[in-house]
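Reader: Hello! I would love a close look at how one pair of helices packs together in this protein. Could you walk me through that part and then show me how it sits within the rest of the chain?

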Amino acid sequence: EHSWTSLILEHANRRQGRQALKIYEDMRKDGVEPSPHTFLALLKACSCLQDLKRTKQVHAEVVMSGFESDVDINTMLVDVYAKCRSLVDATLAFDKMPHRDVVCWNAIILAYAQTGKVEQSLHFYARMQQEGVVPDRLTYISILKACTYLAGLKTREENGGLHVLQSILEIVRVIHANLRKRKFQSDVVVGNMLIDVYGKCGSLKDARCVFEAMPRRTVVSWNAVIFGYARMKEGEEALRLYTRMQREGVQPD
RNA sequence: AGGUCCUAGCGAU
């Protein structure tokens with residue numbers, strides 16, 4: 001069983017989802033019983049296929065094998081259903097969970113965040129705290145993702161979105177304050193997201209401030225700040241940053 | 001044996 005699972009996982013990691021599912025069929029034909037690890041590997045395959053129908057089939061197999069209340073599997077189901085763009089199924093899986101830890105709260109927050117549903121993300125964020133679960137770095141990242149996605153939509157609208165951008169900006173400032181309090185502000189991914197979202201909200205000043213304060217930067221940090229200026233038609237500053245990036249030995253990608 | 005994570009682009013849809 002272990003070797004079957006490794007094989008499935010390997011194909012899933014190489015984004016060969018269909019192969020992975022086929023191997024699972026062979027495994028069952030050989031009369032081998034799947035373990036929770038098998039399903040985690042299968043769900044990873046579903047996640048890259050983004051195929052709702054197949055995900056539901058795997059879900060059915062999970063139930064038949066008696067792993068319906070496995071926390072890890074359910075968390076992954078929430079995530080995969082969201083990647084298949086079925087928030088309904090993601091939410092159903094989430095609601096069925098008897099016990100919820102921070103990881104699964106993060107998964108549902110991210111599920112809504114991925115399509116810019118800021119209000120719902122914040123709603124789950126509030127609920128998790130009511131239930132005594134302490135947010136972690138990924139919780140904040142997930143909420144920032146919701147803000148980023150929505151801000152990205154609104155900046156592309158020529159005029160209409162200005163007041164929305166303003167309210168997103170206010171939310172981001174609150175999250176930013178929390179991140180400072182929790183000492184997550186020096187995290188690279190967090191920093192990258194703040195640069196991006198501040199830029200998309202039109203606040204290059206905040207974006208730049210975060211960028212300059214970062215203890216460590218990656219090419220993503222540079223991209224985010226450069227695209228921020230470019231978006232606001234500040235081509236010259238974007239170019240200056242681009243040359244500075246090269247001077248500091250970071251390769252463009 | 002690894003349940004949730006960043007920008008842009010490219011594919012897929």
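**A helix pair, seen up close**

Author: Happy to. In this predicted model, helix α13, residues 219-231, packs with helix α14, residues 235-247, at an angle of about 160°, and their axes are 8 Å apart. Those two values are the ones to look for, because two packed helices are described by the angle between their axes and the distance between the axes. An angle over 145 degrees counts as roughly antiparallel, so α13 and α14 are roughly antiparallel to each other. As for handedness, the crossing in which α13 passes α14 is left-handed.

Now for the side chains. On the α13 side, the residues to pick out are Trp222, Val225, Ile226, Tyr229 and Ala230. Across from them, α14 brings Glu237, Ala238, Leu241, Tyr242, Arg244 and Met245 to the contact. Sorted by class, the contact of α13 with α14 holds nine nonpolar residues and two charged ones, with no polar residues.

A second pair makes a good companion to this one. Helix α11 (residues 188-200) packs with helix α12 (residues 204-213) at an angle of about 165°, and here the axes are 7 Å apart. With that angle, α11 and α12 are therefore roughly antiparallel to each other. The way α11 passes α12 is, again, a left-handed crossing. From α11, the contact takes in Gly191, Leu194, Ile195, Tyr198 and Gly199, while α12 supplies Leu204, Asp206, Ala207, Val210 and Phe211. By class, the contact of α11 with α12 comes to seven nonpolar, two polar and one charged residues.

Stepping back, what are these pairs part of? Chain A has 14 helices and zero strands, so to speak an α element at every step of the pattern read along its sequence. The C-alpha trace of chain A spans about 65 × 40 × 35 Å along its principal axes. Of the 253 residues in chain A, 47% are buried. Among contacts in chain A with a separation of 6 or more, 61% are between residues 24 or more positions apart. Chain A exposes about 13,400 Å², and carbon and sulfur atoms supply 53% of that area.

Two isoleucines let you follow the buried part of the chain residue by residue. Start with Ile8, which is placed in helix α1, residues 2-13. Ile8 has 0% relative accessibility and therefore counts as buried. Beyond its neighbours within four places in sequence, Ile8 is in contact with Ala20, Ile23, Tyr24, Met27, Thr38, Ala41 and Leu42. Val103, by comparison, is 95 residues from Ile8 in sequence, and the two are 24 Å apart in space, C-alpha to C-alpha.

The other isoleucine is Ile109, found in helix α7, residues 102-113. Its relative accessibility is 0%, so Ile109 counts as buried. Setting aside neighbours within four places in sequence, Ile109 is in contact with Ser121, Phe124, Tyr125, Met128, Thr139, Ser142 and Ile143. If you measure out to Glu131 on your screen, you should find a C-alpha to C-alpha distance of 15 Å from Ile109, with their positions 22 residues apart in sequence.

To return to your pair: keep the left-handed crossing of α13 over α14 in view, and then pick out Trp222 in α13 and Met245 in α14, two of the residues that take part in the contact.

Note on methods
Residues numbered from 1 in each chain as written. Chains lettered and ligands numbered in written order. Predicted model: local features only at pLDDT ≥ 70, side-chain atom pairs only at ≥ 80, totals over all residues. Heavy atoms only, no water. Axes fitted to C-alpha atoms, helices over the stretch in contact; angles between N-to-C directions. Helix = DSSP H or I, 4+ residues; strand = E, 2+ residues; numbered from the N terminus. Parallel < 35°, antiparallel > 145°, perpendicular 65-115°, else oblique. Left-handed = near helix turned anticlockwise from the far one by under 90°. Contact = heavy atoms within 4.5 Å. Nonpolar A, V, L, I, M, F, W, Y, C, P; charged D, E, K, R; others polar. Buried < 20%, exposed > 50% of the residue type's maximum accessible area, 1.4 Å probe, protein only. Areas by Shrake-Rupley, 256 points an atom, 1.4 Å probe, with all protein chains shown as cover.
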